[in-house]
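This report looks at the nonpolar cores and the salt bridges of one protein chain. Please keep the sequence and the structure in view while reading.

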Amino acid sequence: MKFILALHTETDWNESGRLQGQTDIPLNEFGKQRARELGDKIASGLGALGIAKIISSDLKRASETAQIIGERISVPIIFDRRLRECRFGSLEGLAKAELKERIPELNGSPTFTTKDTWHGSFHEYDFSKFGGENRDRVFVRHRACLEEILRTTRGQAIIIVGHGTGLNTLLAGLGVEQVLTRGDYYVFEYPRE
């Protein structure tokens, strides 16, 4: 079965480099414009796939992105809490520079790239000591959603709209060497052959 994974587009917190997690932040105007562009790109590039529906995280930034894409391709949208972003606990709302300052153990970890931007280290992370989630928990709930879609929808392409750490954790856990970027989509077959 074909799945099209897409990340939500920009929020004010994305622009200011704040860790969003499950804090429910809406798209900003630039994000809405980018969602329209993404919807147009999907409509023109994947229209022949016969997309059946969109399944999206219920957080505003993903649900708004899904609704804008849905307007472009005229398919129903279902919201699923399992597709929410990783919960980062008390770290949510902090700027990435603040994270390095407040949590010294993150310095030098794969969580940050050399440019001090969030990386998400999709193969290994654990935010449980901050009241958040670990990688395994995020992977399990995303994969459970994927498995349910597989059981209930046969032979049709499905768009999944979610979040950077969540969807990239899903891909990494499935052994897919691909990192999703905002404003783009990735098509893959599941189960993998």
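## Terms and model

A residue counts as buried when its relative accessible area is under 20%, as exposed when it is over 50%, and as partly exposed in between. The model discussed here is predicted.

## Nonpolar cores

The largest nonpolar core comprises 21 residues, and those with the most contacts inside it are Phe-3, Leu-146, Ile-149, Ile-160, Leu-174 and Phe-188. Two or more residues each come from strand E1 (2-7), helix H5 (135-152), strand E4 (157-162) and helix H6 (164-173), with H5 giving the largest share, five residues. A second, separate core of 15 residues includes Ile-42, Ala-62, Val-75 and Ile-159.

Beyond its neighbours within four places in sequence, Phe-188 is in contact with Met-1, Lys-2, Phe-3, Leu-5, Leu-146, Leu-171 and Leu-174.

## Salt bridges between distant parts of the chain

The count of salt bridges comes to 13. One of them joins Arg-82 and Glu-148 at 3.0 Å, N to O, and this pair links the loop between strand E3 (77-79) and H4 to helix H5 across 66 residues. Arg-82 is partly exposed because its relative accessible area of 23% lies between the two limits, and Glu-148, at 33%, is likewise partly exposed. Together with Asp-80, these residues form a network of salt bridges.

Arg-18 pairs with Glu-98, their closest N and O atoms being 3.2 Å apart, and the two residues stand 80 residues apart in the chain. Asp-184 and Lys-41 meet at 3.4 Å, N to O, with their positions 143 residues apart, Asp-184 being in the loop between H6 and strand E5 (185-189) and Lys-41 in helix H2.

How values were computed. Residues numbered from 1 in each chain as written. Predicted model: local features only at pLDDT ≥ 70, side-chain atom pairs only at ≥ 80, totals over all residues. Heavy atoms only, no water. Core = buried A, V, L, I, M, F, W, Y, C linked by side-chain atoms within 4.5 Å. Buried < 20%, exposed > 50% of the residue type's maximum accessible area, 1.4 Å probe, protein only. Helix = DSSP H or I, 4+ residues; strand = E, 2+ residues; numbered from the N terminus. Contact = heavy atoms within 4.5 Å. Salt bridge = Lys/Arg side-chain N within 4 Å of Asp/Glu carboxyl O.
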